[in-house]
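I opened this model to look up how some of its helices pack and what lines its pockets and cavities. My entries follow in the order in which I went through them.

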Amino acid sequence: MTARSRFRDELLALPLFDAAHRSLADEAERWATATLGAPQQEGAPQQEGAPMVHEESREAIDARCRRIHRQLAAAGLTRYCVRREFGGALEDFDARAICLIRETLAYHDGLVDFVFAMQGLGSGAISLAGSDELKARYLPRVARGESIAAFALSEPDAGSDVASLSCRAEARGPEYVLDGTKTWISNGGIADFYCVFARTQKGEVRADGTTRASGISAFVVEPSDPGFTVARRIDVNAAHPLAELRFERCRIPADRLIGAEGEGFKTAMRTLDVFRSSVAAAATGFARRAFDEAVAHARKRRLFGKTLADFQLTQAALADMATAIDAAALLTYRAAWLRDQGKPVTLAAAMAKMTATESAQAVIDRALQMFGGRGVERGAIVERLYREIRSLRIYEGATEVQKLIIGREVLQ
């Protein structure tokens, strides 16, 4: 039994979960093991840290994302990104189910986790605020794996400060005309539709220089819409499909407005409330994999006549890592449970996201250090994890933003 399986069994036994969650966790684990390969077991022949090499050209990553997308759909996992009414697995979003799937996928392969997460995040605005027509048009395709979704919120000068976005949308009879730029958009260049947030009213600037969030609306944009272009593809340390999008008098039908005009910021925040705790779950999955790799390596690596595990420094490091992972997991699933109970989740989700991502970065860094030179070999598991974890401390609210949220909440 790996350390991860022991932690997982203990976690799932908690009253935060019901029988359906435990069954889903087992189902996701079986699928991941069968499809992505079984992780190295403690005590197996010395193969820990072996390279997991995938071609990382844009073309290869795009093709792999599409293949993963089809596999997730065939397994029924994309159905957890949509409500049952439109082909989903459950009556409503279940944050605990999404977290369990993400933690499992992230443990096995970060790109698989990415593809799954973006199906939910990319279509979430339609699920939460779209008209019946929009839901019927897009969501069944998401559930069946026929369409790849994307969430287009960030701009070159509006990342953490979402209210300051400048992309504009103007009503022109039966159409809206969009002008502006979006950047760091996941699935940019391969998505079949984008949930885009733009200003339908000029932003009101407060006396302190900040911009009010009112006047932002949400829209569905398709790649074939006139005036839409993928301006450039963006390469990052862990290869994912990212792009900058440009809207130059981009015309879309007026019925692709998501919800009411001016409700876009609220829709974006509601979407993030569903999925933010799942970022913490993915970080926990990365950390658990790094920890299991470190334990297996420490038990087998010999130096100075002992195994690495015999040294108290190693034992102390593993103790810190194990404790940090368990603390992150408990915060993560508390936040998911609160969201599923309809309780306020802003504070708990911020704590979970901050703690899990920062802890995972520290755990993975310590695991890599144990591997020494082998740890930085391109394609080694801990090297891949080292690159994968870094962006999680930034996207869906950087650590610094989470601290501001937590401080504000506890002072209220």
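**Helix packing and enclosed space**

I began with a pair of helices and noted that α3 and α5 cross in a right-handed sense. The model I am reading is a predicted one, and I keep that in mind for every entry below.

For this pair I found the axes 9 Å apart, with a packing angle of about 65°. Angles of 65 to 115 degrees count as roughly perpendicular, and α3 and α5 are therefore entered as roughly perpendicular to each other. I then listed the side of the contact that belongs to α3, which consists of Ile 61, Arg 64, Cys 65, Ile 68, His 69 and Leu 72, and the side that belongs to α5, which consists of Leu 111, Val 112, Val 115, Phe 116 and Gln 119. Sorted by class, the contact of α3 with α5 holds eight nonpolar residues, two polar ones and one charged.

Next I looked up helix α4 (residues 95-108) against helix α5 (residues 110-129), whose axes come within 7 Å and cross at roughly 155°. An angle over 145 counts as roughly antiparallel, so I wrote α4 down as roughly antiparallel to α5. From α4, the contact draws on Ile 98, Ile 101, Arg 102, Leu 105 and Ala 106, while α5 brings Gly 110, Val 112, Asp 113, Phe 116 and Ala 117. In this contact of α4 with α5 I have seven nonpolar residues, one polar and two charged.

**Cavities**

How many cavities of 30 Å³ or more are there? The count comes to two.

The largest cavity has a volume of about 80 Å³, and ten residues line it, with Arg 8, Leu 100, Glu 103, Thr 104 and Tyr 333 lying nearest its centre. Two elements, α1 (3-12) and α4, give two or more residues to the lining of this largest cavity, and α1 gives the most, with four residues. I sorted the lining of the largest cavity into five nonpolar residues, one polar and four charged.

The second largest cavity holds about 30 Å³ of space. I listed its lining as Cys 65, Arg 66, His 69, Val 115, Gln 119, Ile 148, Asn 187 and Ile 190. The elements that supply two or more residues of that lining are α3 (58-74) and α5, and the largest share, three residues, comes from α3. By class I entered four nonpolar residues, three polar and one charged for the second largest cavity. Looking back at the helix pair, I noted that Cys 65 and His 69 of α3 and Val 115 and Gln 119 of α5 are among the residues where these two helices meet, and that these residues also appear in the lining of the second largest cavity.

**The largest pocket**

My last entry concerns the largest pocket, with a volume of about 1,500 Å³. Its lining is made up of 49 residues, and those nearest the centre are Gly 159, Ile 394, Tyr 395, Glu 396 and Gly 397. Which element gives the most to this lining? I found α7 in that place, with seven residues, and the elements that each supply at least two residues are α5, β3 (175-186), α7 (264-300) and α11 (399-411). The class tally for the lining of the largest pocket reads 25 nonpolar, 13 polar and eleven charged.

Methods:
Residues are numbered from 1 along each chain as its sequence is written. This is a predicted model: local features need pLDDT of at least 70, side-chain atom pairs count only at pLDDT 80 or more; totals for chains, interfaces and linings use all residues. Side-chain values use heavy atoms; hydrogens and water are left out. Axes are lines fitted to C-alpha atoms, for helices over the stretch in contact, and angles run from 0 to 180 degrees between N-to-C directions. Angles under 35 degrees count as roughly parallel, over 145 as roughly antiparallel, 65 to 115 as roughly perpendicular and the rest as oblique. Contact means heavy atoms within 4.5 Å. Ala, Val, Leu, Ile, Met, Phe, Trp, Tyr, Cys and Pro count as nonpolar, Asp, Glu, Lys and Arg as charged, and the others, Gly among them, as polar. On a 1 Å grid over the protein atoms alone, a cavity is a set of points where a 1.4 Å probe fits but cannot get out, and a pocket is an open set with protein on both sides within 12 Å along at least five of seven lines; lining residues have an atom within 4 Å of a point. Grid points are joined across faces, edges and corners, and a volume is the space filled by probe spheres set on the points. A crossing is left-handed if the near helix is turned anticlockwise from the far one by less than a right angle, and right-handed if clockwise.
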